[in-house]
Amino acid sequence: MQIIRKERPIEIQEETEVLVVGGGPAGIGACVSAARQGKKTLLLEKRGFLGGNITACYVENCNYFLAGTPFHSQGLYAEIEEKCLEKYGNCNVRSNKANSFDSECLKVFLDEFIQENGVKILLHSFVNEVVMEGNKIAAVIIQTKQGPLAVKADVVIDATGDGDVAYGAGVPFELGRERDGLCQPGTVSVRLAGADVDKLTEDGDGLGKITKAFRKDYRAGKVDLPCKRQDIPFGRLTKAGQISYVNYPCAYGVNPTDVEDLTRGEIECRRYIMDIFRYLKEHYEELKDIEITSMAPEIGFRDSRRIQGMHRLTIEEMEQQTHYPDTIAVFPRFYDMLSPDAIMTGDETVKGRGYKGYIYEPVKDDRQFEIPYRSLVPVKVENLLVAGRCISADHVAESGVRAVSLCMMTGQAAGIGAGLAIENKVAVSDVPIDRMQEILRSSGIDIPSQKLACHHSKLL
Ligand SMILES: Cc1cc2nc3c(=O)[nH]c(=O)nc-3n(C[C@H](O)[C@H](O)[C@H](O)COP(=O)(O)OP(=O)(O)OC[C@H]3O[C@@H](n4cnc5c(N)ncnc54)[C@H](O)[C@@H]3O)c2cc1C
């Protein structure tokens with residue numbers, strides 16, 4: 001069944017040079033770097049605050065996996081981490097969460113930081129329609145309380161995590177695991193108060209011990225809870241007894257773009273929150289007085305649509321540490337794929353590949369992988385770039401790409417790409433790569449000097 005809408009004119013709300021859709025890590029990287037190139041930049045965000053999964057899903061300990069490795073935060077992420085921690089601190093007493101954000105403070109920090117950098121922000125601006133003129137986006141349509149409004153831009157950067165703009169522009173995409181289309185589970189994180197801080201800190205990291213014990217008990221069949229999640233990672237513990245992030249509830253088989261699935265996922269996760277809340281209270285003396293202070297405002301996803309770009313990043317390339325002439329980011333080898341089908345057996349390694357069960361390969365040596373600019377350039381559309389977890393990659397590769405700080409690095413590159421396309425009056429696929437890499441390096445991104453010179457403007 002279908003209904004035909006009557007055509008009607010839509011007011012143009014804004015005209016800008018660079019339009020960034022989505023105010024998560026990738027969108028933040030994109031809009032700040034575009035503005036720092038002197039481009040008139042607008043950021044649209046569907047929620048009432050910025051930060052994406054960091055603030056909306058309490059994913060505060062973003063770069064935890066770099067601790068104790070030869071790697072460090074880079075570029076804009078390093079700048080935000082340093083400035084936000086200096087300004088607001090993080091009220092944390094766990095030694096391994098020293099670099100975590102206090103995500104409520106991060107919301108305020110980002111409001112100020114983004115505007116100080118010359119970016120205009122519009123919140124409550126959900127983009128779900130794109131107007132095309134040939135191979136170019138002529139306008140995106142935002143849904144507002146006043147009805148639809150149009151925004152025109154020279155270049156659009158899709159940082160929605162779901163590739164919503166690219167989808168609207170008709171760019172082909174993949175979703176989920178290649179063999180069955182299943183994505184990693186969705187999670188509604190929760191915050192707890194009333195933890196006994198003295199007990200949890202008297203002999204090392206008490207919360208870390210609970211994480212380990214829970215996993216052992218789950219695998220021994222001693223945890224009789226309906227959620228198939230076998231892990232219970234915790235975020236910060238504050239002096240006031242708050243546990244800022246409990247990443248436990250997992251709804252499996254949810255398509256992040258399907259409204260029926262999303263509804264089921266939200267409701268299912270909230271039930272799991274109540275289960276784990278009671279379980280923790282009953283099983284751990286240190287948590288007997290806990291109460292729920294907040295459930296994350298929306299179910300969060302680790303993967304969703306992955307757009308078809310000029311280059312599809314593959315796990316084989318990542319494993320072979322392939323160099324590209326148009327590398328825009330280099331990141332330590334790291335994969336974290338929660339089992340899409342809730343099967344908890346398997347060897348946990350990329351080599352196993354069947355990913356029966358999940359893949360978790362933390363950084364253990366100095367291996368790195370690269371991302372080429374072409375993975376940010378969608379096929380078919382001349383003035384659109386994609387950044388963050390929805391870039392062109394295979395499903396396992398995305399489980400490494402999805403790292404928050406790397407998503408921000410792809411955003412930084414997209415912002416520069418947009419600026420160069422405007423300056424050179426070319427399609428986003430034709431920007432001068434050597435210049436882009438030069439700007440990235442001067443913005444604190446470690447890109448090795450190229451073995452293969454790429455002076456031509458047209459990408460391969
Ligand atoms: C529970 C959980 C735990 C995780 N743990 C870690 C971790 O420990 N470390 C780590 O590095 N990564 C972790 N991740 C992954 C990480 O959070 C994401 O990969 C990362 O946030 C992706 O950044 P992004 O900017 O691409 O997308 P997102 O963070 O999803 O941001 C997208 C933004 O776009 C907005 N948006 C979406 N659609 C529209 C639209 N149509 N119009 C306007 N705005 C829109 C959203 O509201 C959001 O603000 C975790 C993810 C989850 C869900």
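R229 is buried yet forms no salt bridge. Its nearest side chain of opposite charge is D231, 4.1 Å away; a salt bridge requires a side-chain nitrogen within 4 Å of a carboxyl oxygen. The model is predicted. Helix α3 and residue N99 are covered after R229.

**R229 and its surroundings**
- R229 sits in the loop that links α7 (206–219) to β9 (243–246).
- A polar atom of the R229 side chain lies 3.5 Å from the backbone oxygen of Y248.
- Not counting residues up to four places away in sequence, R229 touches F214, Y218, N247, Y248, C250, Y252, R302, L338 and M344.

**Helix α3**
- The 14 residues of α3 reach 20 Å from first C-alpha to last. That is close to the 20 Å expected at 1.5 Å a residue.
- Buried residues in α3 are G75, L76, Y77, E79, I80, E81, C84 and L85.
- The cover over these buried residues includes α1 (25–36), α4 and α11 (404–424).
- G89 comes just after α3 and takes a positive phi of about 65°.

**N99, between α3 and α4**
- N99 belongs to the loop between α3 (75–88) and α4 (103–116).
- N99 counts as partly exposed because its relative accessibility is 47%, and that class runs between the 20% and 50% limits.
- Outside its neighbours within four places in sequence, N99 is in contact with E81, L85 and N90. Of these contacts, E81 and L85 are among the buried residues of α3.
- N99 and T41 are 58 residues apart along the chain, and their C-alpha atoms are separated by 29 Å.

Conventions: Residues are numbered from 1 along each chain as its sequence is written. This is a predicted model: local features need pLDDT of at least 70, side-chain atom pairs count only at pLDDT 80 or more; totals for chains, interfaces and linings use all residues. Side-chain values use heavy atoms; hydrogens and water are left out. Helices (H or I, at least four residues) and strands (E, at least two) are DSSP runs, numbered from the N terminus. Buried means under 20% relative accessible area, exposed over 50%, partly exposed in between (1.4 Å probe, protein chains only). Contact means heavy atoms within 4.5 Å. Lys and Arg count as positive and Asp and Glu as negative; His and the chain ends are not counted. A polar contact is a pair of N or O atoms within 3.5 Å; within protein, one must be able to donate a hydrogen and the other to accept it, and residues adjacent in sequence count only if both atoms are side-chain atoms. The expected span of a helix is 1.5 Å times one less than its number of residues.
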